[in-house]
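Below are some notes on the model you sent, set out point by point. Please read them with the structure open.

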Amino acid sequence: MIAQLTGTVASVGESYAVVDVQGVGYAVQAGAHTLANLKVGSQAVLAISTIVREDSITLHGFNTAEERDLFELLQSAQRIGPRIARDAIEVLSPDTLRYAIATGDTATLSRIPGVGKKGAERIVLDLADKIGHVDLGGVPKQAGNRPGGWRTQVGQGLQALGWSAKEAETAIEKLDAEGADGTDVPTLLKQAIRLLGKR
C-alpha cells in the first residue's frame, strides 16, 4: 500500500493531480484544499490512502496524515464511501470532525454533502468509540467555520488578480482579525478584494 508520495507536481486538474516520483507519474485524487497547495513544477509531499477494488487502484491524497487517517476512519461507518469521506475532510477541519463525532454533534456532521440527519447519527454510532481521545474542554476553533486551506486559495486568487504576495497576506490577516462572515472561498475572496480596494 502507498501511504505517502514525495515528488514533483506534473499537473493539477479539478479533482486530481499527477505527481512525478522518479519518472513515474501517479494520478492522485484530491479535494480543493489539498490541490490548492500544489503548484506545477514544485515538490510535494502527500499523505496517501490507497483504495484497491477488483477493477481499479485509486490513490487519494491529503495535506496531512491526520486528514488521511480520518478519511479512512470515516469509511468504516456504514454507507460512507470515499466521496463522502473526502467531502467531510473538505468541509470540516480534522479537529472539528473529531469533536463532532465524540460529542454526537449531528448538526455539524449534517453539513457534510450527502450526509443527512440519519447519516450523521450513523457516523456517531459507528465511530464514537473509534475516534480516540478528544479534548472536550471546548469547541475547536475554526473561524467562521471556514473551509480548510482557505488562506492559500484566497492568497492565490488575489495574486492571480494582480496583487503581490505581501498584499494578499495583509488582506488575509485582516479577514482573520475582523472575523469575516464568509464560509466559502469565493465569498472570502470578495471580502479580501474589498479590503484591498479595487484595481
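The points cover the sheet, the helices packed on it, one further helix and a surface patch.

1. The model is predicted, and the remarks here should be read with that in mind.

2. Five strands form a closed barrel in the order 1-2-3-5-4, and the pairing is mixed. On average, neighbouring strands of this sheet are turned by 55° against each other, with direction ignored.

3. Within the barrel, strand 2 (residues 16–21) pairs with strand 3 (residues 24–29) in the antiparallel sense, over six bridges. As one reference point for this part of the sheet, Val18 has Ala27 in strand 3 as its bridge partner.

4. Helix 3 (residues 82–91) packs on the sheet and touches strand 3, strand 4 and strand 5. The direction of helix 3 makes about 10° with that of strand 5.

5. Helix 2 lies across strand 4 and strand 5 (57–62), and runs at about 15° to strand 4.

6. Which residues of helix 6 (residues 117–127) are buried? They are Ala120, Ile123, Val124, Asp126 and Leu127. The cover over the buried residues of helix 6 includes helix 2 (65–74), helix 4 (94–103) and helix 5 (106–109).

7. On the surface, Met1, Val52 and Ile57 make a nonpolar patch of about 390 Å². Val52 belongs to strand 4 (residues 43–52). Is Val52 partly exposed or buried? Val52 counts as partly exposed because its relative accessibility is 48%, and buried would require under 20%.

Definitions and conventions:
Residues are numbered from 1 along each chain as its sequence is written. This is a predicted model: local features need pLDDT of at least 70, side-chain atom pairs count only at pLDDT 80 or more; totals for chains, interfaces and linings use all residues. Side-chain values use heavy atoms; hydrogens and water are left out. Patches are made of residues with over 30% relative accessible area and no salt bridge: like charges are joined within 9 Å, nonpolar side chains (Val, Leu, Ile, Met, Phe, Trp, Tyr) within 5 Å. Accessible areas come from the Shrake-Rupley method with a 1.4 Å probe; for residues, only the protein chains shown count as cover. A salt bridge is a side-chain nitrogen of Lys or Arg within 4 Å of a carboxyl oxygen of Asp or Glu. Helices (H or I, at least four residues) and strands (E, at least two) are DSSP runs, numbered from the N terminus. Buried means under 20% relative accessible area, exposed over 50%, partly exposed in between (1.4 Å probe, protein chains only). Contact means heavy atoms within 4.5 Å. Two strands pair if DSSP finds at least two bridges between them. Axes are lines fitted to C-alpha atoms, for helices over the stretch in contact, and angles run from 0 to 180 degrees between N-to-C directions.
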